[in-house]
Amino acid sequence: MLNPSHANEEAKSAPERPARPRSRIARLFGNIVQYRALLLMLLPTAIVFFVNCYIPMFGVFIAFKKINYIDGILGSPWAGLDNFRFLFATSDAWRVTVNTIAYNAAFIVSGLILSVGVAIAVNEVRAKLASRIYQTVMIMPNFLSMVVVSYIVYAFLHPEYGFLVKYVLPLFGQNSVNAYMHPQAWPYILWLTKMWHSVGIGSVIYLAAITGISEELYEAATMDGAGKWRQITGITIPLLTPVMVILTILNLGGIFRSDFGLFYHVTLDSGALRSTTDVIDTYVYRGLIQLNDLGMSSAANFYQSVVGFFLVIGANSLARRLNRDTALF
Amino acid sequence: MNKTSTAASCQRISRPAELALHAVFIVFSLACILPVLLIVAISLSNEKLLTLKGYKFWPDELDASAYRYLFSHSATLVRAYGVTLTVTCIGTALAVLLIALYAYPVYRKDFPFKRAFNIYLLVTMLFSGGLVPFYLLYINYLNLRDSLVALILPGLTNAFYIFIARTFFQQTIPEEMIESGKLDGASEWRIFFQLVLPISLPVLATIGLFTTLMYWNDWFNSLLFINDTDKFSLQYVMIQMIRQAEFFKNQLAGSGVALMVQQSVPTESLRMAMVVVSIGPILFVYPFFQKYFTKGLTVGAIKG
């Protein structure tokens with residue numbers, strides 16, 4: 001019933017207990033038998049995770065193959081570093097890397113500041129009803145899919161009918177601008193879109209953490225004559241720090257991965273915008289689905305996964321050096 | 001949490017500061033909601049006036065003909081709704097069950113493989129094989145092209161929700177309860193289904209709502225795996241419609257894409273009406289989300 005590879009993993013990482021007369025293996029089997037019901041419960045989910053997450057992790061190595069469909073994926077010959085040589089010979093690799101990191105860095109930093117700021121501010125709104133209304137409204141954008149968001153942006157930027165194009169830009173003496181042809185505008189458009197979509201929901205997580213802070217701390221601070229600002233910098237922010245660090249580690253680990261929908265749909269996949277909107281994810285997608293260039297896309301995919309892996313490890317060890325308790329693992 | 005006193009109010013911010021705070025949030029709220037209202041306004045506008053005057057927040061003339069057209073030529077819409085609803089219902093039910101079934105054992109303190117299975121999950125949150133192997137696995141080995149399974153299966157693995165459910169168990173289900181259940185001779189399965197599940201309804205409802213939303217809004221898997229127009233989901237039809245409009249503009253009159261919605265050539269208001277119809281159900285379940293929001297999501301929960 002049990003997948004032997006799981007059993008092996010458990011043997012390795014099971015917590016060390018005081019040595020008992022029985023051997024490790026006998027103990028392991030004893031445990032499996034004793035807890036077979038619980039193991040059976042989590043087995044289906046574990047299998048789905050294995051299929052969706054673990055097999056693709058090993059699959060990154062197809063980047064070293066020269067895939068042809070006659071031999072199949074596993075049977076295709078090894079290609080060494082050829083795919084990578086092609087990838088890095090183009091200027092694409094550099095461009096998509098810079099775009100990906102720059103956008104994500106901007107999103108992480110501004111998202112963190114804005115979300116925490118909004119959370120602290122909304123917590124200060126005394127009128128309960130108003131506070132509820134603000135929260136309800138500001139998380140709403142996150143419930144819209146990126147496809148819907150692309151329509152919203154389109155409604156503003158439509159080259160002929162868009163609200164901005166038709167009614168706002170003429171006030172500044174500009175007529176009929178096709179934003180979908182102007183790459184230099186898109187860093188701002190995408191940043192604004194992303195913040196619109198995510199700051200509200202981001203702040204809810206911090207708000208939950210703020211409401212978890214004991215009121216007594218604030219009472220004591222008030223007794224000591226600390227003003228509101230002093231309380232925020234002295235109590236709220238330090239107590240939010242662990243949550244901020246954990247979320248930032250997760251985000252840093254993902255700095256090589258982008259919000260594909262944002263870069264693919266909101267730009268309408270416009271070829272003219274590639275120089276400022278092409279990121280690793282859209283590059284891999286295009287190589288895989290539109291251009292059918294498996295070598296290039298699997299090399300970019302490998303590059304993304306492996307660098308992502310080291311970024312996670314790096315971010316976590318950084319967090320651990322700062323403070324043991326805030327590291328993820 | 002502890003509402004022992006009105007401590008928050010014992011140190012109030014000044015009146016002007018409070019007004020400024022309200023002003024900021026009113027502007028912020030409007031910024032969140034107005035863009036959506038723009039879409040609604042366009043969908044209710046007269047087509048001729050739209051092409052003359054562009055998109056406006058205030059339609060010169062209310063006109064529901066886009067909706068009339070949408071519902072009278074509804075074959076595409078109904079089919080897409082059917083696909084989305086099927087995937088959402090089956091996907092959500094399966095996902096919630098799988099999440100609960102995994103979260104419960106890893107919550108149990110006496111479960112000797114707890115740590116191993118926690119790590120098993122954590123790894124999937126941090127590392128990913130990326131798109132290419134995932135795609136090739138689904139297409140070449142699982143043969144899921146044009147199968148609804150390809151729209152459901154990817155959404156079943158969300159480690160984050162499992163951690164949330166586990167934390168909820170830790171906070172609400174005392175170990176003693178499980179122990180006494182065991183002493184009464186109940187099997188593990190009975191304890192799970194008759195003791196644990198009923199208590200954990202709130203967290204499962206929250207996760208269920210999020211999963212519903214995730215499936216409802218999913219377009220990525222359709223983009224990857226679906227070519228058959230009969231299996232286009234709502235979101236995917238919308239993608240086709242906006243791209244198709246661009247095609248027309250560039251006089252490229254899209255090939256296969258154009259065929260699908262041939263008899264309903266997407267005019268300006270019609271496309272926006274489609275968007276409104278797709279977000280309608282979300283607004284409907286929205287109040288339910290609200291209720292659980294500030295409670296359920298504790299992120300520090302990830303650490304075991």
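Select B:Asn143 first. In this predicted model, B:Asn143 is exposed, because 11 other C-beta atoms lie within 10 Å and a residue counts as exposed at 12 or fewer. The residue sits in the loop between α7 (131-141) and α8 (149-152) of chain B. Its backbone deserves inspection: B:Asn143 has a positive phi of about 50 degrees, although it is not a glycine.

Move next to A:Leu268, a residue other than glycine whose phi is also positive, near 55 degrees. A:Leu268 belongs to the loop that lies between α13 (260-264) and α14 (274-277) of chain A. Is A:Leu268 buried or exposed? Neither term applies: the residue counts as partly exposed because it has 18 C-beta neighbours inside 10 Å.

Remain in chain A and select helix α8, residues 146-157. The end C-alpha atoms of this helix are 16 Å apart, which agrees with the 16 Å that its 12 residues should span at 1.5 Å a residue. Of these 12 residues, 11 are buried, so α8(A) is largely enclosed by the rest of the structure. Among the buried residues are A:Met146, A:Val149, A:Ser150, A:Tyr151, A:Tyr154 and A:Leu157. When the helix is viewed end on, a general point is useful. An α-helix has 3.6 residues a turn, so residues three or four places apart point the same way.

Now display chain B as a whole. Chain B has 16 helices and zero strands. Of its 304 residues, 42% count as buried. Among the contacts in chain B with a separation of 6 or more, 73% are between residues 24 or more positions apart.

Colour the side of chain B that touches chain A. Here 90 residues of chain B are in contact with 87 residues of chain A. Several helices of chain B each supply at least two residues of this side, including α1 (7-10), α5 (75-107), α11 (188-199) and α16 (268-296). Which helix of chain B gives the largest share of the side that touches chain A? That helix is α2(B), with 13 residues. By type, the residues of this side of chain B divide into 59 nonpolar, 22 polar and nine charged. For the complex, the predictor gives an ipTM of 0.83 and a pTM of 0.84.

The nonpolar cores follow. The largest nonpolar core has 125 residues, and those with the most contacts inside it are B:Ile39, B:Ile99, B:Ala103 and B:Ala165. With 14 residues, α5(B) gives the most to this core. Centre the view on B:Ala165: leaving aside neighbours within four places in sequence, this residue is in contact with B:Ile99, B:Ala100, B:Ala103, B:Val203 and B:Ile207. Apart from the largest core lies another, of 29 residues, among them A:Val116, A:Val199, A:Tyr206 and A:Ala315.

Finally, colour chain B by pLDDT. The average for chain B is 81, and 84% of the residues score at least 70. Select residues 248-266 of chain B, where the pLDDT is below 50; beyond near neighbours in sequence, this stretch has 26 contacts in the model. Then select residues 296-304 of chain B, over which pLDDT stays under 50 and for which the model has 23 contacts beyond four places in sequence. How should such stretches be read? Where pLDDT is low, the predicted coordinates should not be read in detail.

Definitions and conventions. Residues are numbered from 1 along each chain as its sequence is written. Chains are lettered from A and ligands numbered from 1 in the order in which they are written. This is a predicted model: local features need pLDDT of at least 70, side-chain atom pairs count only at pLDDT 80 or more; totals for chains, interfaces and linings use all residues. Helices (H or I, at least four residues) and strands (E, at least two) are DSSP runs, numbered from the N terminus. A residue is buried if 20 or more other C-beta atoms lie within 10 Å of its own, exposed if 12 or fewer, and partly exposed in between; C-beta atoms are placed from the backbone. Two residues are in contact if their C-beta atoms, placed from the backbone, lie within 7 Å. Ala, Val, Leu, Ile, Met, Phe, Trp, Tyr, Cys and Pro count as nonpolar, Asp, Glu, Lys and Arg as charged, and the others, Gly among them, as polar. A nonpolar core is a set of buried Ala, Val, Leu, Ile, Met, Phe, Trp, Tyr and Cys residues joined through C-beta atoms within 7 Å. pLDDT is the predictor's confidence in each residue, from 0 to 100. The expected span of a helix is 1.5 Å times one less than its number of residues.
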